[in-house]
Amino acid sequence: MLEEVKAVIAMLVVQFIFAGMFILFKLTAHDGTNLRILVAYRLSFATLFMFPLALIFQRKKRPEFTRRLVLLAFLSGLLGAAIPNILYLPGLVRTSATFSTAASILSPVITLLLSLAFRMDTLRLGSNEGRAKLLGTLLGVGVLMVFGCNVSVSLWLLLQAKISKEFGGHCWNISLMNATGSLVCMVVALCSEHNWNQWRLGWNISLLTTVYSGVVVSGLVMPLVAWCIEKKGPLYVTVFSPIRLVIVALVGSFALEETLYLGSLIGAIIMVGGVYLVVWCKMKEKKSVSTTTDHGETNKNIKEVSLGNLSAVNNRDIP
């Protein structure tokens with residue numbers, strides 16, 4: 001129960017921090033900053049921030065840098081850092097922060113479908129928990145457009161569920177992801193922007209956004225996300241994204257002067273309801289599995305005791 005509470009609190013904190021990043025990205029876009037350059041700086045800052053932490057706090061967990069590990073780190077950086085940012089930011093510039101955030105909440109459905117396809121999760125439609133989990137996931141989606149970054153993020157979440165332990169620790173995991181992702185984003189930014197004035201960071205909103213998104217989000221929050229994936233699974237992490245939408249919608253209506261409609265509020269309430277439904281189902285499933293395991297262990301112990309008593313009786317009867 002305590003672990004469940006920790007996971008819920010952690011994911012709520014993650015949504016608030018991510019919402020702040022989306023608002024800052026939109027403000028920076030209005031300021032005329034090249035967001036591809038900003039992302040390259042963001043991941044570079046995150047790498048420089050995380051590697052010392054990994055060396056200090058997880059020195060004994062340092063992974064062996066084999067070809068396989070480097071390949072997995074590159075794949076993780078591509079799916080979890082480079083592709084989502086490269087695909088997401090153009091949409092953020094052309095639409096509102098609320099709409100762009102709303103598009104990202106398709107991740108629960110994509111993650112559920114992919115996890116079922118790869119047999120990393122189960123959907124027992126014959127049980128109340130299974131039907132409720134499917135309903136809760138669908139309620140968290142609505143009728144939003146699908147963006148390629150959602151597929152990339154969902155694949156990254158599933159990848160993390162499989163390979164996170166190979167990186168030794170969460171700090172090493174995220175450090176390597178940021179490092180490889182920053183290389184890809186740096187190449188993309190260099191190819192798309194040749195005006196070196198755009199690469200200068202001044203004391204303005206661009207620097208604040210870069211430091212916040214790099215140090216706080218990619219540096220401190222992503223290890224927390226990796227921990228939640230390890231403890232609760234990839235679907236659990238994604239179903240909290242509607243809460244981020246509510247935060248961005250409310251803040252965006254004031255800070256960005258975006259129109260907030262009644263229908264949007266009703267839809268957000270429905271989607272948040274879906275979040276709690278899925279979380280409840282995951283708790284019920286875990287309790288059911290734990291109860292089944294305990295019963296199995298009890299029956300096994302009873303059987304062993306019975307066999308032991310029978311053996312003792314037989315030995316006693318032998319002259």
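## The cavity

Which residues lie nearest the centre of the largest cavity, and how many residues line it? The ones nearest its centre are Phe18, Phe22, Pro84, Val153 and Arg244, and the full lining runs to 30 residues. Bear in mind that you're looking at a predicted model. The volume of this largest cavity comes out at about 550 Å³, and the count of cavities of 30 Å³ or more is three.

Who builds the wall? Eight helices give two or more residues to the lining of the largest cavity: H1 (2-30), H2 (35-57), H3 (67-94), H7 (148-163), H8 (170-192), H9 (205-232), H10 (234-238) and H11 (241-255). H1 gives the largest share, with seven residues. Sorted by class, the lining has 18 nonpolar residues, ten polar ones and two charged ones.

## The overall fold

Now step back to the whole chain. There are twelve helices and zero strands, so the pattern along the sequence is simply α-α-α-α-α-α-α-α-α-α-α-α. The chain has 319 residues, and 48% of them count as buried.

Contacts here tend to link distant parts of the sequence. Take the contacts with a separation of 6 or more: 87% of them are between residues 24 or more positions apart.

## The nonpolar core

In soluble globular proteins, nonpolar side chains tend to be buried together. As for this model, its largest nonpolar core has 55 residues. The residues with the most contacts inside that core are Met11, Phe18, Trp156, Phe167, Met222, Val225 and Val237. H1, H2, H3, H7, H8, H9, H10 and H11 each give two or more residues to this core. The largest share, twelve residues, again belongs to H1. Phe18 is worth finding on screen, as this residue is among those with the most contacts in the core and also among those nearest the centre of the largest cavity.

## A look at Val225

Val225 sits in helix H9. Is Val225 buried or exposed? Its relative accessible area is 5%, and buried means under 20%, so Val225 counts as buried.

Leaving out residues up to four places away in sequence, Val225 touches Val14, Trp156 and Val237. Of these partners, Trp156 and Val237 are also listed with Val225 among the residues with the most contacts in the core. Val225 and Val237 are twelve residues apart in sequence, with their C-alpha atoms 7.2 Å apart in space.

## A look at Leu79

Leu79 belongs to helix H3. Its relative accessible area is 13%, which is under the 20% limit, so Leu79 is buried too.

Residues up to four places away aside, Leu79 touches Pro84, Ser152, Val153, Leu155, Trp156 and Leu159. Two of those partners, Pro84 and Val153, are listed among the residues nearest the centre of the largest cavity. Leu79 and Leu155 are 76 residues apart in sequence, yet 6.8 Å separates their C-alpha atoms.

## Out on the surface: Arg59

For a contrast, go to Arg59, in the loop between H2 and H3. With a relative accessible area of 59%, Arg59 is over the 50% cut-off and therefore exposed.

What does the side chain of Arg59 reach? Its target is the backbone oxygen of Leu55, at 3.5 Å. Arg59 and Trp172 are 113 residues apart in sequence, and in space 9.3 Å apart from C-alpha to C-alpha.

Terms used:
Residues numbered from 1 in each chain as written. Predicted model: local features only at pLDDT ≥ 70, side-chain atom pairs only at ≥ 80, totals over all residues. Heavy atoms only, no water. 1 Å grid on protein atoms, 1.4 Å probe; cavity = no way out; pocket = protein on both sides within 12 Å on 5 of 7 lines; lining within 4 Å. Points joined across faces, edges and corners; volume = space filled by probe spheres on them. Helix = DSSP H or I, 4+ residues; strand = E, 2+ residues; numbered from the N terminus. Nonpolar A, V, L, I, M, F, W, Y, C, P; charged D, E, K, R; others polar. Buried < 20%, exposed > 50% of the residue type's maximum accessible area, 1.4 Å probe, protein only. Polar contact = N/O pair within 3.5 Å; in protein donor to acceptor, adjacent residues only side chain to side chain. Core = buried A, V, L, I, M, F, W, Y, C linked by side-chain atoms within 4.5 Å. Contact = heavy atoms within 4.5 Å.
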